[in-house]
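Reader: Could you show me how to read cysteine pairing in a structure, and then how to read the contact between two chains?

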There are 2 protein chains.
Amino acid sequence: MSRTSSSAAGTGPIRLGPRSRAALRPTEAPAVTGGFWYGRRLTNAQAGIPQGPRLLESAGNLHNLRLVAGKAQGAFRGDYPFQDTDVYKWLEAASWQLAQDTVAGRDTTALTAEVDRVITLVAEAQQEDGYLNTWFQSGRGAGRYSDLRWGHELYNAGHLIQAAIAHHRATGRTELLDVACGFADHIGTVFGPPGSGRPIDGFDAHPEVETALAELYRETGDQRHLDLAGYFVDRHGHGLHGHEAYCQDRVPLREADTVEGHAVRQLYLLAAVADLAIETGEESLAAASARLWHAMATTKTHLTGGVGAHHDKEDFGDPYELPTERAYCETCAAIASVQFGWRMALLTGQARYSDLVERTLFNGFLAGMSLDGESWLYVNPLQVRDGYVDGGGDQSSRRTRWFRCACCPPNVMRLLASMEHYLTSTDGRGLQIHQYASGVFHGEAGGAPVDVSVDTEYPWRGRIAVTVERTPGTSWTLSLRIPQWCTEYTVGGVAADAHVDVEDGWLRIHRSWSAGEELLLDLELAPRLVSADPRVDAVRGCVAIERGPLVYCLEQADHPGGGLDDVVIEAGGALTAKERPDLLGGVVTVVGTGYRRSLPEPGWWPYVPAGSPQAPGTPLELVAVPYFAWANRTLGSMRVWLPTS
Amino acid sequence: MSRTSSSAAGTGPIRLGPRSRAALRPTEAPAVTGGFWYGRRLTNAQAGIPQGPRLLESAGNLHNLRLVAGKAQGAFRGDYPFQDTDVYKWLEAASWQLAQDTVAGRDTTALTAEVDRVITLVAEAQQEDGYLNTWFQSGRGAGRYSDLRWGHELYNAGHLIQAAIAHHRATGRTELLDVACGFADHIGTVFGPPGSGRPIDGFDAHPEVETALAELYRETGDQRHLDLAGYFVDRHGHGLHGHEAYCQDRVPLREADTVEGHAVRQLYLLAAVADLAIETGEESLAAASARLWHAMATTKTHLTGGVGAHHDKEDFGDPYELPTERAYCETCAAIASVQFGWRMALLTGQARYSDLVERTLFNGFLAGMSLDGESWLYVNPLQVRDGYVDGGGDQSSRRTRWFRCACCPPNVMRLLASMEHYLTSTDGRGLQIHQYASGVFHGEAGGAPVDVSVDTEYPWRGRIAVTVERTPGTSWTLSLRIPQWCTEYTVGGVAADAHVDVEDGWLRIHRSWSAGEELLLDLELAPRLVSADPRVDAVRGCVAIERGPLVYCLEQADHPGGGLDDVVIEAGGALTAKERPDLLGGVVTVVGTGYRRSLPEPGWWPYVPAGSPQAPGTPLELVAVPYFAWANRTLGSMRVWLPTS
């Protein structure tokens with residue numbers, strides 16, 4: 001097998017070719033050079049990713065690879081047939097990190113050595129025919145492909161493929177890509193529709209291989225991978241897994257009218273649907289992905305962008321069923337939502353998709369990692385009660401160093417390490433800025449490169465300075481997303497000859513630019529209160545505090561002398577933003593007014609005649625902190641939604 | 001082994017002896033002869049119980065007994081090590097039914113034959129040393145008592161013991177009691193504290209044997225059974241099951257300050273704690289049971305009396321975490337709550353315990369069985385949304401004919417068949433009526449029998465006529481519980497020489513009664529609205545309709561032309577009770593006024609600036625039906641809690 005290295009360092013998870021039917025294309029090798037996300041990525045680079053090999057060793061994942069490679073004795077370690085994916089996701093994260101480090105001119109020797117060591121192990125574990133899964137190879141699971149409902153073999157393959165693509169794009173090297181292509185080729189000889197001559201007509205109940213295969217097609221140009229992805233996607237919903245929603249098998253994807261079942265499975269599958277719509281141009285795929293995104297956003301997404309309403313089965317709930325203390329909002333589901341949303345943004349060019357990506361990144365996703373990058377949340381609730389009993393386990397509302405099912409931490413690592421990929425795009429006629437971060441970003445206009453630099457302290461401050469760094473002589477369009485949450489903004493530095501247009505969330509400025517010109521977008525960041533659609537029963541009579549793209553919450557640490565279950569916000573009171581460099585690594589808090597309820601003399605029954613009088617409360621200053629920063633201090637209660645009476 | 005038949009037909013699940021330290025004692029052989037519960041019990045007798053053997057045959061439970069008795073070939077059938085308990089609970093139900101039928105002079109030939117056939121099978125399945133569990137005996141599980149966390153062997157034994165006691169009390173026969181005592185004796189040789197010479201220091205993670213052993217002590221007078229129950233109770237909370245709340249092992253029972261973990265396990269355990277408090281007089285046990293009941297009632301009980309907030313782990317949530325659509329409220333947990341509550345009523349004499357028993361019986365418990373007695377709910381939610389997707393399985397919000405884990409249906413059968421036991425008591429100085437049903441009830445005053453008959457159409461009408469049927473020459477006290485929900489009532493027929501006292505929920509009338517005297521209690525049944533403690537976040541801004549002891553709900557069937565997610569009640573509007581003999585087997589509905597919200601033009605994001613105006617709605621007549629009768633018509637949405645705006 002031989003492959004040419006066509007990749008440039010820094011290319012991200014999605015690379016669209018000239019035949020892709022997308023409105024937008026990701027841009028090559030952007031760089032985040034400062035500001036908010038730079039800081040979070042630095043933590044990921046310095047604390048998150050480096051701990052990977054040690055944790056993968058202690059949890060047994062590397063042992064399992066050595067075991068099936070004949071280099072270790074003993075039994076399979078861990079409880080799940082997808083233990084290998086933790087390795088692959090870490091490899092993907094480390095590869096994107098290598099790409100960044102290369103661009104930035106940093107020394108990559110140590111990380112390269114770690115990555116090489118693990119890749120060698122993966123290659124040694126692979127069987128002759130390309131198959132690779134330590135659970136089944138070690139005999140812990142019985143019989144290849146005998147349990148497509150729970151075996152996760154293709155799910156494993158998907159993460160292997162994504163890691164291999166990352167490694168190839170980051171380094172130009174093919175060792176891991178060879179392993180991945182070997183496994184993908186093998187899968188292609190095994191799975192196919194009746195009459196195809198391939199022995200198994202089926203699909204993995206945990207989607208992931210589909211979007212990975214679509215990207216492998218993009219990476220290699222091998223049409224078979226895309227066809228296989230399409231086959232898998234359309235086998236869903238025909239009862240091969242008993243029509244179970246959990247397995248994404250209740251209805252055919254193209255007929256579905258809402259997101260349902262296991263949230264991560266649903267969204268990885270939808271990422272593939274968007275991929276297929278982009279690569280095949282099939283209208284029914286584009287329509288299904290847009291319809292299901294809309295159903296998710298309008299009826300099944302928490303304020304934080306988190307999704308998944310049930311701990312049990314980790315699934316979407318019914319429309320508007322969005323509990324607070326039992327919000328599941330798995331960190332992986334937030335990541336999957338970002339991956340799906342970004343593909344929809346590329347497919348359609350519509351700003352709303354990046355609106356939700358922004359909300360998810362800054363809130364439901366980012367809360368998943370502690371400020372020090374060393375502990376994690378698997379679920380991301382919107383409330384922790386005063387009397388919260390930690391049942392332990394992965395689904396605890398307390399941070400944990402690692403999980404028995406450790407899908408989330410390396411998933412966070414890979415998204416943070418590739419985040420620059422989700423910030424900007426080009427449509428061939430200019431450059432679109434989807435997310436605001438300081439850095440250098442590239443686009444294309446009429447075949448010529450355009451570069452801009454961005455300088456901003458977003459999300460703490462609303463000022464965003466965009467400087468044109470490279471521009472061809474022709475005119476082109478610079479597009480800036482006006483966030484959905486933003487109702488007031490100013491634009492400075494627009495030349496008189498510019499054509500300015502605001503449509504559907506995009507501020508578009510078309511003109512002939514000169515290098516060095518600066519455009520100033522200033523988004524009003526006054527703290528605000530939001531309420532929910534009245535069908536969201538869980539938060540009736542409550543408001544939440546937001547500022548810019550950040551959702552805020554109260555934590556018990558800032559409200560000594562009592563818990564949070566009895567706190568009420570004065571909805572008409574002033575809200576004041578306060579810069580607090582001393583707090584939680586430096587945040588802006590929002591201070592409001594409210595009270596603690598005085599509770600009536602307790603009887604034994606908590607239900608009373610409607611209209612019973614309430615005792616007056618005790619005034620209380622409310623100090624709200626960004627949701628992403630919660631659970632980094634002493635254990636205590638937390639709430640996003642605040643009662644107004 | 002030989003036992004004397006000391007039991008009278010009709011004696012119920014609890015029989016207290018002269019040394020019991022309870023404020024009250026259940027009375028012997030009461031009879032429900034008409035009215036509401038008579039009808040539900042008739043359905044149980046004619047539809048519920050008779051289908052048992054057929055269902056136990058088709059689900060494999062009887063096959064498993066034959067299998068280990070050497071009378072069938074093949075493998076264990078079913079998925080759980082507690083399949084035998086379905087048989088035992090059915091035997092208990094059938095036994096109580098035999099007792100009733102005997103009292104009523106009905107022909108018991110057919111049911112006796114069925115019961116005898118099953119008892120013979122159980123006896124044949126038992127091993128020489130007394131051990132009995134088909135999961136382990138068949139080799140489906142590996143090694144007796146090797147898995148106390150999940151093996152359920154003592155849980156099985158508990159239900160066997162309860163069935164045996166019921167059969168003995170109902171028929172005076174000892175075949176099943178011999179089997180149960182054999183198993184109990186065996187357990188007593190195996191389990192004990194370190195130094196006891198018994199090989200295992202441990203307890204079953206699913207309590208049940210404890211309360212059963214306490215009753216076996218009452219039945220046989222054998223102190224060893226009570227001691228073993230006490231040993232098991234006090235082994236909880238010391239880490240034998242990793243301090244897991246699910247296993248009732250987080251903290252020692254006497255130190256616990258709230259109910260937690262798996263709701264059924266917690267409440268079966270607490271029933272045993274109350275039993276032990278009654279039999280040993282230990283203050284710390286009485287205090288713990290009262291404290292934990294209080295914590296449950298004040299912070300963890302749904303309006304329907306249902307308990308258990310989480311589908312995942314079937315457990316209690318945090319205080320005031322009482323979701324509506326994900327209310328777990330397992331039917332078995334309602335039954336366990338009734339069993340615990342009744343023991344507390346007996347222990348303390350306080351009316352509040354029977355208040356909650358009443359609420360649970362009429363609502364959270366009774367909804368578990370369909371009106372025709374042939375289909376069941378495992379979970380009893382307080383809301384089903386318009387877009388509800390039935391994920392299937394035992395935890396569906398739709399009725400099912402039987403369950404993979406079929407714990408609930410035979411549990412309903414045994415409670416309905418023994419319900420007369422929970423209605424009245426004696427304190428030796430008269431008779432207490434806890435629950436209102438038409439029938440004949442017995443008490444004792446100064447060693448002499450007192451009998452009363454009750455005639456009532458409760459809960460549809462508030463008039464309760466109590467006639468003294470038998471009375472000694474001395475004066476005694478007739479005590480009537482004034483329900484906690486009742487704020488207005490009248491009492492007629494009180495003679496001038498009576499001493500009338502109302503204390504803590506009891507109306508007590510002390511006098512020298514004459515046979516034939518009638519006392520009339522009339523409870524005001526006007527429909528009312530209730531709201532929840534403000535800490536119950538799930539139902540903020542909502543009210544619920546109640547009438548008498550019944551909780552009401554809206555069903556989609558009564559509100560054509562739309563769903564229920566957008567329905568709003570006018571909190572100040574009139575509520576009118578309407579007798580509807582045509583509806584749901586004959587109910588009283590409550591009609592109110594409200595509207596359907598007109599929804600704003602849908603965007604893609606359901607969160608809006610607080611204070612955004614709402615469009616006016618469309619007036620709607622609301623027709624509420626009793627919660628117990630829901631889900632007996634076409635599938636659709638349902639809700640108990642109604643938004644007021």
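Author: Since this is a predicted model, let us begin with the cysteines: the sulfur of Cys542(A) has its closest cysteine sulfur in Cys542(B), 11 Å away, which is too far for a bond.

Reader: How many disulfides does a search of the whole structure find?

Author: A disulfide requires two cysteine sulfur atoms within 2.5 Å, and the search over all chains returns zero. Cys542(B) likewise takes part in no disulfide, the nearest cysteine sulfur being that of Cys542(A) at 11 Å.

Reader: Is Cys542(A) buried or exposed?

Author: Burial is judged by relative accessible area, with under 20% as the cut-off; Cys542(A) has 5% and is therefore buried, and Cys542(B), at 6%, counts as buried too.

Reader: What area do chain A and chain B bury between them, and which residues of chain A supply the most of its share?

Author: The two chains bury about 5,300 Å² between them, with 56% of it on carbon and sulfur atoms. Trp604(A), Trp605(A) and Tyr607(A) supply 17% of the area that chain A buries against chain B, more than any other three residues. The contact itself draws 63 residues from chain A and 63 residues from chain B.

Reader: How many salt bridges does the rule find across the interface of chain A and chain B?

Author: Across that interface the rule finds eight salt bridges; one between chains joins the side chains of Arg535(A) and Asp566(B), at 3.8 Å from N to O. Polar contacts are counted by residue pair, and between chain A and chain B there are 24 such pairs, both residues being at pLDDT 80 or more. By class, the side of chain A that touches chain B has 26 nonpolar, 17 polar and 20 charged residues.

How values were computed
Residues numbered from 1 in each chain as written. Chains lettered and ligands numbered in written order. Predicted model: local features only at pLDDT ≥ 70, side-chain atom pairs only at ≥ 80, totals over all residues. Heavy atoms only, no water. Buried < 20%, exposed > 50% of the residue type's maximum accessible area, 1.4 Å probe, protein only. Contact = heavy atoms within 4.5 Å. Buried area = accessible area lost by both parts, 1.4 Å probe. Salt bridge = Lys/Arg side-chain N within 4 Å of Asp/Glu carboxyl O. Polar contact = N/O pair within 3.5 Å; in protein donor to acceptor, adjacent residues only side chain to side chain. Nonpolar A, V, L, I, M, F, W, Y, C, P; charged D, E, K, R; others polar.
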